Amino acid sequence: MAIDVSKMQAKLKALTEKTSKKATVFWSPKEGVTHNIRVLPSPDGDPFKEYWFHYELSKTGGFLCPKKNFGEQCAACDFASKLYKEKTEESAKMAKKFNPRQRFFSAIVVRGEESEGAKVWGYGKNAYQDLIGYVLNPDYEDITDASGGRDLSIVANKAKGQTYAVPKITPRVKSTKLCDSEQQCKEIMDSVPDLNTVHTRKTSQEVMSILDEYL
């Protein structure tokens, strides 16, 4: 039987759309530009998700640490622990390359770009502490509330000597609605990505192979 070209074209289209969606789902503030965003509510009441990544071992980018995220064996973590046990300055310095790094993520909508749907914003510990502080501040209460939460103003700047731009986060003075209509709210919330699946996950065996190749 001959190949069904129309089916092959449909498969290619689906693959392209899936890759494009994954590439554009992440958002980060542009350096020196003021952005207004809204952190979206989470069904479990926790809009700030914590993950641990190994960043320097793979040529294809960071991946989730099997041990810190899922309680599974991680060759990279084991190797870092082995290096620390050598108790030398050189081995301790090298071990840092194999340690997982903490990163936080929230589903957001960027003001002025609501039609693009929800995005995933990744940020560091300092921004996380700022966000927790605002949530616990009685003057702001639930910043994710759809009917009376707060937008956040974000400006990322890179100070002299810094490798990455650091975001400064300021809640807007007035509370606002998440969206203009019930339908728009539904469309935004329906577009929220699953934070448990947007990140690259490797099995323990795959991490061992990556480590072997790196070494």
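A residue counts as buried here when its relative accessible area is under 20%, and that cut-off is applied below to a predicted model.

**Cysteines**

By this measure Cys179 and Cys185 are both buried. These two residues are joined to each other by a disulfide, with an S to S distance of 1.5 Å, and the link between Cys179 and Cys185 is right-handed, with 75° about the S-S bond. A search of the whole structure finds one disulfide.

Cys74, by contrast, takes part in no disulfide, although the sulfur of Cys77 lies 3.6 Å away as the nearest cysteine sulfur. Because its relative accessible area is 1%, Cys74 is buried. Cys77 is likewise in no disulfide, and for this residue the nearest cysteine sulfur is that of Cys65, 3.5 Å away. Cys77 has a relative accessible area of 11% and is therefore buried. A pair of cysteine sulfur atoms must be within 2.5 Å to be counted as a disulfide, which means that a separation of 3.6 Å or 3.5 Å does not qualify.

The sulfur distances are set out in the table.

| Cysteine | Nearest or bonded cysteine | Sulfur distance |
|---|---|---|
| Cys179 | Cys185, in a disulfide | 1.5 Å |
| Cys74 | Cys77, no disulfide | 3.6 Å |
| Cys77 | Cys65, no disulfide | 3.5 Å |

**Ser106 and its surroundings**

Ser106 belongs to strand E5, which covers residues 101-110. Its relative accessibility is 0%, so Ser106 counts as buried. The side chain of Ser106 reaches the backbone oxygen of Pro47 at a distance of 2.8 Å. Pro47 is also one of the residues that Ser106 touches when those up to four places away in sequence are left aside, the others being Val39, Phe48, Lys119, Val120, Trp121 and Tyr123.

**The largest pocket**

Rolling a probe the size of a water molecule over the atoms shows where empty space is left. The largest pocket has a volume of about 1,000 Å³. It is lined by 36 residues, of which Tyr55, Arg103, Gly122, Tyr123 and Tyr164 are the closest to its centre. Strand E5, where Ser106 is placed, supplies at least two residues of this lining, as do strand E1 (26-27), strand E6 (119-123), helix H5 (125-136) and strand E8 (166-171). Sorted by class, the lining of the largest pocket consists of 17 nonpolar, 13 polar and six charged residues. Tyr123 appears in two parts of this account, since Ser106 touches Tyr123 and Tyr123 is among the lining residues closest to the centre of the largest pocket.

Notes. Residues are numbered from 1 along each chain as its sequence is written. This is a predicted model: local features need pLDDT of at least 70, side-chain atom pairs count only at pLDDT 80 or more; totals for chains, interfaces and linings use all residues. Side-chain values use heavy atoms; hydrogens and water are left out. Helices (H or I, at least four residues) and strands (E, at least two) are DSSP runs, numbered from the N terminus. Buried means under 20% relative accessible area, exposed over 50%, partly exposed in between (1.4 Å probe, protein chains only). A polar contact is a pair of N or O atoms within 3.5 Å; within protein, one must be able to donate a hydrogen and the other to accept it, and residues adjacent in sequence count only if both atoms are side-chain atoms. Contact means heavy atoms within 4.5 Å. On a 1 Å grid over the protein atoms alone, a cavity is a set of points where a 1.4 Å probe fits but cannot get out, and a pocket is an open set with protein on both sides within 12 Å along at least five of seven lines; lining residues have an atom within 4 Å of a point. Grid points are joined across faces, edges and corners, and a volume is the space filled by probe spheres set on the points. Ala, Val, Leu, Ile, Met, Phe, Trp, Tyr, Cys and Pro count as nonpolar, Asp, Glu, Lys and Arg as charged, and the others, Gly among them, as polar.
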